[in-house]
Each structure stands twice: as structure tokens, then as C-alpha cells.
Amino acid sequence: MAITPNICRQDLGLNGLNRTLYINLLGTAAMATIGTGSVAGSYVNLPAGSGYACGTIAGTAWAATSAGGTTTILNGTFVTTFTGSVGNVQGYCLTTSVAGTFAGPQGTLVAIETFATAQMVSANGDKINVIPTVKLV
């Protein structure tokens, strides 16, 4: 479950599910602490090379359900296939702008999540599958 700052309510809630977002995997470097006041620029450790590129999530790809005062917003699976080793991937974040080549995430941080266990990418053909799921409470 991704940690979501208030901006997420705008991008995925109040404004409807109509904004294109970008999913960025977070690489091997030590991650900044996730918490109140986190911004996209805090997480500059994207995987470098080996076929990595951030993904695009069209606003129409999100589906929302509500129950008991909580809205859960789910997206289909984002798959990244690598062409070589990048080491451990720590998690992912959703932002409002595309990242530049090997730059950190750009725009506003919408949501961020670390994996329970880092995912090792060590060979051509290794894949990481992410299903972005956000709960607005």
C-alpha cells in the first residue's frame, strides 16, 4: 500500500481519475526517509541503465472502489523488463511529471511505497511487476 500525501487526494480523488501519472522504480542507493513533507526530489536513486525507463499510467487506467469511508484506487500491473543488472530495487513512487534520463523523479510526489523485500535485478530478462494500489482515508 502506497503512502500518499494530500496531493494524492487531488490527483486521484477530488479531480477524478483523469491525470496521467508516472511510475518510477527506486534503485539501490539508500532511500530518504518517507514521511510527512516528502517530495519527489528526495528520491533520486532511480535504476541506471539496463533498459530501465519510468512508466506512464494514463488517468483512464485507474479504477476506484469505496467502502466504509475508504476509497481504494487500483491500477493494472506495471512491468519493467531489464537488459542487465541494476542491483536491488527498493520500491516505487508515482509522480506528476516524467523523469529525465537517469534523473530523479520529477513533479509532485503523489504516492510512494517501499517493497517488503528489495527486488534483485541481476540479469538480462529480469522483471519487476508492480500493481500500484492507493487507499484514500
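These are legends for several close-up views of a predicted model.

**View 1. The whole chain, from one helix into a run of strands.**
Start with the overall layout: the protein has 1 helix and 9 strands. Going from the N terminus, the order is α-β-β-β-β-β-β-β-β-β, so to speak a helix and then strands to the end of the list. Of its 137 residues, 41% count as buried. The protein exposes about 6,700 Å², and carbon and sulfur atoms supply 51% of that area. Take the contacts between residues at least 6 apart in sequence: 75% of them join residues at least 24 apart.

**View 2. Where to trust the coordinates, from helix α1 to strand β8.**
Mean pLDDT for the protein is 74, with 67% of residues reaching 70 or more. Confidence is lowest in helix α1 (residues 7-14), where the mean is 56. At the other end of the scale sits β8, with the highest mean, 89. Where pLDDT is low, the predicted coordinates should not be read in detail.

**View 3. Strand β1, covered on both faces.**
This one zooms in on residues 21-26, and 6 of the 6 are buried. On one side you'll find L21, I23 and L25. The other side carries Y22, N24 and L26, and these are buried too.

**View 4. I23 and its partners in β2 and β6.**
β1 pairs with β2 (residues 55-57) in the antiparallel sense, over 3 bridges. It's also joined to β6 (residues 87-97), again antiparallel, by 5 bridges. I23 is a handy residue to centre on: G55 stands opposite it in β2, and L94 is its bridge partner in β6.

**View 5. The largest nonpolar core, with 27 residues.**
If you want the residues with the most contacts inside this core, pick L25, L94, I128 and V130. β1, β6, β7 (106-121) and β8 (127-130) each supply at least two core residues. The largest share comes from β7, which contributes 6. As background, nonpolar side chains in soluble globular proteins tend to be buried together. Two of the names here turn up in the earlier views as well: L25 is part of the buried β1, and L94 is the β6 partner of I23.

**View 6. A118 in strand β7, beside residues far back in sequence.**
A118 lies in β7 and is partly exposed, with a relative accessible area of 30%. Leaving out residues up to four places away in sequence, A118 touches N88, V89 and Q90. G91 is worth labelling as well: A118 and G91 are 27 residues apart in sequence, yet their C-alpha atoms are 7.2 Å apart in space.

**View 7. C54 and C93, two cysteines without a bond.**
The disulfide count comes to 0. C54 is in no disulfide, and the nearest cysteine sulfur to it, that of C93, is 9.2 Å away. Why no bond for C93? Because its closest cysteine sulfur, in C54, is 9.2 Å off, which is too far. C93 itself is buried, with a relative accessible area of 0%.

How values were computed
Residues are numbered from 1 along each chain as its sequence is written. This is a predicted model: local features need pLDDT of at least 70, side-chain atom pairs count only at pLDDT 80 or more; totals for chains, interfaces and linings use all residues. Side-chain values use heavy atoms; hydrogens and water are left out. Buried means under 20% relative accessible area, exposed over 50%, partly exposed in between (1.4 Å probe, protein chains only). Helices (H or I, at least four residues) and strands (E, at least two) are DSSP runs, numbered from the N terminus. Two strands pair if DSSP finds at least two bridges between them. Contact means heavy atoms within 4.5 Å. Accessible areas come from the Shrake-Rupley method with a 1.4 Å probe; for residues, only the protein chains shown count as cover. A nonpolar core is a set of buried Ala, Val, Leu, Ile, Met, Phe, Trp, Tyr and Cys residues joined through side-chain atoms within 4.5 Å. A disulfide is a pair of cysteine sulfur atoms within 2.5 Å. pLDDT is the predictor's confidence in each residue, from 0 to 100.
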